[in-house]
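Student: I should like to learn how to read the features of a protein model step by step. Could you guide me through one example?

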Amino acid sequence: MPNGDHQTIAIYPGSFDPPTNGHLDLIARASRLFDSLIVAVLQNTSKQPLFAVEERINMLHEAAQAYGNVAVESFGGLLVDFAQNKQATAIVRGIRAVSDYEVELQMAHLNRQLRPATETVFLPATAEFAFLSSRMIKEIIQLGGDVKQFVPEPVWRRLQSKLQ
């Protein structure tokens, strides 16, 4: 949403472990709404990830290279601090179900209290991706299933090499 001389910068945060076609769909849609979109990969030391942060950044960068206004970075600490550092005015969150909305609404209220200059924008998942989650992708892989249709090609290639 170009706004005169003021650039609108949004952040789409997540663990993206691994990135899915649902994530890529949200990136595509959010990139049309804002002048600049930063896909922010959370550095979460309390979880045992399938992919290292750097691998996730590389996969997302490769998958989103068609969108000229999308950057991929990592962050640790509070999201609102990262948003302030990047001069972002919006946080983009995908909503798949009512249960997502309840959790995301609480986070949006909390983030608004911590940094009123940043708004949270909810984008509903496209119906074809509403059931997808990184957790489900990992479960399918662990049970020997094929996830090629659910992840971008760069992710699929890395999953193949990781599983060999």
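Tutor: The discussion below goes from the overall fold to single residues. Please keep in mind that this is a predicted model.

Student: How many helices and strands does the chain have, and which pattern do they follow along the sequence?

Tutor: A fold is first read as a list of elements and then as their order. The chain contains 6 helices and 5 strands. Read along the sequence, they follow the pattern β-α-β-α-β-α-β-α-β-α-α.

Student: What does the radius of gyration say about the chain?

Tutor: One compares the value with the value expected for a compact globule. For 164 residues that expectation is near 15 Å, and the chain has 16 Å, so the two agree. Along the principal axes, the C-alpha atoms fill a box of roughly 50 × 30 × 30 Å.

Student: What share of the residues is buried, and what share of the contacts is made by residues far apart in sequence?

Tutor: Of the 164 residues, 44% count as buried. Among contacts with a separation of 6 or more, 77% are between residues 24 or more positions apart. As for the surface, the chain exposes about 9100 Å², of which carbon and sulfur atoms supply 52%.

Student: How far apart are the mean positions of the positive and negative charges?

Tutor: The chain has 15 positive and 17 negative charges, and their mean positions are 3 Å apart.

Student: How many aromatic pairs does the structure hold, and how is the geometry of a pair read?

Tutor: The structure holds 4 aromatic pairs. For each pair one reads the distance between ring centres and the angle between planes; planes under 30 degrees apart count as stacked, and over 60 as edge-to-face. The ring centres of Phe-75 and Phe-82 are 5.1 Å apart and their planes are at 25°, so this pair is stacked. Phe-75 is buried, at a relative accessible area of 6%, and Phe-82 is buried as well, at 9%. Another pair, Phe-131 and Phe-150, is edge-to-face, with 5.7 Å from centre to centre and 80° between the planes.

Student: Which parts of the chain does the pair of Phe-131 and Phe-150 tie together?

Tutor: Phe-131 lies in the loop between β5 (119-124) and α5 (134-142), and Phe-150 in the loop between α5 and α6 (153-163), so the pair ties together parts that are 19 residues apart in sequence. As to exposure, Phe-131 is partly exposed, with a relative accessible area of 45%, whereas Phe-150 counts as buried at 15%.

Student: Which backbone values deserve attention in such a model?

Tutor: Most residues other than glycine have a negative phi, and most peptide bonds are trans. Departures from these habits are therefore the cases to look for. The peptide bond from Asp-17 to Pro-18 is cis, with omega near 0°. Pro-18 is found in the loop between β1 (9-14) and α1. The loop between β1 and α1 also holds Phe-16, whose phi is positive, near 50°.

Student: Where is Gln-87, and is Gln-87 buried or exposed?

Tutor: Gln-87 is found in the loop between α3 and β4, and has a positive phi of about 60° although it is not a glycine. Gln-87 is exposed, with a relative accessible area of 62%, whereas Phe-16 is buried at 2%.

Student: What does Ala-88 touch?

Tutor: Contacts are read here without residues up to four places away in sequence. Ala-88 touches Ile-9, Ile-11, Ala-83, Arg-115 and Thr-118. Ala-88 lies in the loop between α3 (79-85) and β4 (90-95), and is buried with a relative accessible area of 1%.

Student: How is Pro-13 placed, and which residues does Pro-13 touch?

Tutor: Pro-13 is found in strand β1, and is buried with a relative accessible area of 8%. Beyond residues up to four places away in sequence, Pro-13 touches Ala-40, Phe-75, Leu-79, Ile-91, Val-92 and Arg-93. Sequence distance and spatial distance can be read side by side for one of these partners: Pro-13 and Val-92 are 79 residues apart in sequence and 7.4 Å apart in space, C-alpha to C-alpha.

Student: Is Asp-25 buried or exposed, and what does Asp-25 touch?

Tutor: Asp-25, in helix α1 (residues 21-33), is buried, because its relative accessible area of 17% is under the 20% cut-off. Apart from residues up to four places away in sequence, Asp-25 touches Thr-126 and Phe-129.

Note on methods: Residues numbered from 1 in each chain as written. Predicted model: local features only at pLDDT ≥ 70, side-chain atom pairs only at ≥ 80, totals over all residues. Heavy atoms only, no water. Helix = DSSP H or I, 4+ residues; strand = E, 2+ residues; numbered from the N terminus. Rg over C-alpha atoms; globule rule 2.2 N^0.38 Å. Buried < 20%, exposed > 50% of the residue type's maximum accessible area, 1.4 Å probe, protein only. Contact = heavy atoms within 4.5 Å. Areas by Shrake-Rupley, 256 points an atom, 1.4 Å probe, with all protein chains shown as cover. Lys, Arg positive; Asp, Glu negative; His and termini not counted. Charge placed at Lys NZ, Arg CZ, Asp CG, Glu CD. Phe/Tyr/Trp six-rings, centres within 6.5 Å; stacked < 30°, edge-to-face > 60°.
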